[in-house]
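The following note is offered to a colleague who has the sequence and the model at hand. It proceeds point by point, from one local position to the overall form.

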Amino acid sequence: MGMDSSAEAPQPVRVVLNAVGQWIGRLGRIWVEGQIAELNRRGRMAYITLRDPVANVSVRVVCQTSVLDAQSPPPEPGARVVVHAKPDFYEVRGTFSLRALEIRHVGLGELLARLEQLRRTLTAEGLFDAARKRPLPFLPNTVGLICGRDSAAERDVLENGRRRWPAVRFEVRPVAVQGDRAVREVTEALKDLDSHPDVDVIVIARGGGSLEDLLPFSDEALVRAVASAGTPVVSAIGHEQDAPLLDHVADVRASTPTDAAKKTIPDVGEQLEIIRQLRDRGRRVLRGGVERELAWLEGVRSRPALASPVREVDRLAEQVADLRDRARRSLTVSLDRSADGLGHTRARLHALSPATTLARGYAIVQREDGSVVRSAREPDAGESLRVRFAEDSLTATVESVHTEDTSEEG
């Protein structure tokens with residue numbers, strides 16, 4: 001319901017607060033869930049700061065001590081509770097609070113059901129996927145450690161880490177590892193170490209505990225902070241049966257703080273032994289390779305071509321001489337055969353040559369144009385003819401033609 005007011009006619013504080021109180025009084029009773037951050041008993045009254053389990057908000061709750069003592073055991077700081085309360089507005093101081101009529105512990109089964117629902121939600125978002133997990137550095141320069149103040153988890157990580165690699169350095173951030181301040185302090189320490197330029201890996205360690213004690217390590221805000229961190233995170237909460245959600249989102253999960261030191265920091269003795277074994281293995285491999293090459297070289301040197309190179313040269317020289325003699329003989333035979341063939345051809349040409357015929361006393365009669373006269377009837381009377389002998393020729397004139405049966409005068 002609105003109230004009429006202006007700069008010239010303002011409403012008194014008492015009227016405004018009374019109207020706010022009346023409006024809040026009409027809200028009725030409500031069930032509220034949260035975590036007890038602070039609890040103070042003053043006589044018959046108890047004053048509680050109830051914190052939201054996810055957001056950084058809280059509300060003041062006032063009740064009689066009998067309401068607390070009605071639970072067995074009575075709620076303590078850090079406990080998750082459900083409060084049946086009536087909104088109340090204290091007009092004198094202008095403060096809002098909840099007047100608790102009943103306070104109940106949140107049951108273990110209900111907590112597990114809520115954690116399982118949150119687990120399914122974060123799994124669906126991909127925060128627990130193995131593909132997004134980063135490998136740890138082989139030799140971290142500096143290890144960031146988030147743990148309880150002067151806790152056994154801190155001693156386990158520091159002592160085992162320095163025993164394994166004395167030169168390793170630690171950046172320790174002591175925080176509350178249970179209760180209402182745990183989530184905020186662990187998250188702030190995580191962000192601080194993640195921004196540190198020398199920190200290569202962050203270990204979040206606690207030495208186990210009950211489900212209620214481990215609730216901060218399943219807080220959605222902390223889980224999302226670990227998922228968004230740029231530095232690899234190791235979870236070493238040390239609780240095997242009911243693993244908190246931090247174990248699922250961390251890049252590496254360790255069963256105990258000691259195991260976290262072993263997984264994060266290499267053992268100098270083990271690494272030196274590995275180097276010695278690799279060095280011996282390399283020496284054996286090299287020696288074996290050299291021995292195989294020497295054996296091959298000895299086998300090559302024992303071959304006749306390398307054992308007595310002059311003998312091989314002599315053998316090849318003999319082959320060259322034999323081939324040369326064979327070629328000479330083959331060429332001589334071919335030349336002789338060709339010479340004989342040429343002689344036979346010349347003899348045949350000589351026998352068939354017209355010059356040979358002329359040499360036996362024959363002559364060739366030709367006209368002036370060079371054509372051969374083959375019959376006495378061919379030339380005419382008075383025609384000049386050339387008579388060719390073996391060595392010379394003469395010119396004759398046809399006077400008469402004689403045949404075997406008749407004769408004609410020309």
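**Notes on the predicted model**

1. Apart from neighbours within four places in sequence, Ala79 makes contact with Gly34, Gln35 and Ile36. The model discussed here is a predicted one. Ala79 lies in the loop that connects helix 2 (65–69) with strand 4 (80–90). Is Ala79 buried or exposed? Its relative accessible area is 17%, and the cut-off for a buried residue is under 20%, so Ala79 counts as buried. Asp213 is 134 residues away from Ala79 in sequence, yet their C-alpha atoms are 9.0 Å apart in space.

2. The strand that follows this loop belongs to a hairpin. Strand 4 pairs with strand 5 in the antiparallel sense, over ten bridges, and Phe89 stands opposite Phe96 in strand 5. Four residues separate the two strands of the hairpin, and Gly94 adopts a positive phi near 65 degrees. Strand 5 (residues 95–105) also pairs with strand 3 (residues 58–64), here in the parallel sense and over two bridges. In that pairing Val62 stands opposite Arg99.

3. Helix 4 merits a separate check. The helix covers residues 152–164, and its 13 residues should span 18 Å at 1.5 Å a residue; the end C-alpha atoms are 18 Å apart, which agrees. Its buried residues are Ala153, Glu154, Val157, Leu158, Asn160, Gly161 and Arg164. Which elements cover these buried residues of helix 4? The cover includes three strands, namely strand 6 (142–148), strand 7 (169–175) and strand 8 (199–205). It also includes helix 8 (257–264) and helix 9 (268–301).

4. Strand 12 (residues 384–388) shows an alternating pattern of side chains. Leu385 and Val387 point to one face and are buried, whereas Ser384, Arg386 and Arg388 point to the other face and are not buried. On one side, strand 12 is joined to strand 11 (residues 364–366) by three bridges in an antiparallel arrangement, with Gln366 opposite Arg386. Strand 12 is further joined to strand 13 (residues 393–397) by five bridges, again antiparallel, and Ser384 stands opposite Thr397. Strands 12 and 13 form a hairpin with four residues between them.

5. The domain assignment divides the protein chain into domain 1 (13–106), domain 2 (111–130 + 137–266) and domain 3 (355–398). How many ångströms separate the centres of domain 2 and domain 3? Taken over C-alpha atoms, the separation is 138 Å. The UniProt record, an unreviewed entry, lists residues 127–294 and 297–396 under "domain: Exonuclease VII large subunit C-terminal". Over residues 297–396 the chain is 59% helix and 12% strand, and the end C-alpha atoms lie 99 Å apart.

6. The overall dimensions should be read alongside these separations. The protein chain has a radius of gyration of 62 Å, whereas a compact globule of 410 residues would have a value near 22 Å. The C-alpha trace spans about 190 × 75 × 40 Å along its principal axes. The chain contains twelve helices and 15 strands, and 32% of its 410 residues count as buried. Among contacts between residues at least 6 apart in sequence, 60% join residues at least 24 apart.

Definitions and conventions
Residues numbered from 1 in each chain as written. Predicted model: local features only at pLDDT ≥ 70, side-chain atom pairs only at ≥ 80, totals over all residues. Heavy atoms only, no water. UniProt positions renumbered as here; feature names shortened; annotations may be inferred. Buried < 20%, exposed > 50% of the residue type's maximum accessible area, 1.4 Å probe, protein only. Pairing = 2+ DSSP bridges. Domains from an automatic or database assignment. Expected span 1.5 Å × (residues − 1). Contact = heavy atoms within 4.5 Å. Rg over C-alpha atoms; globule rule 2.2 N^0.38 Å.
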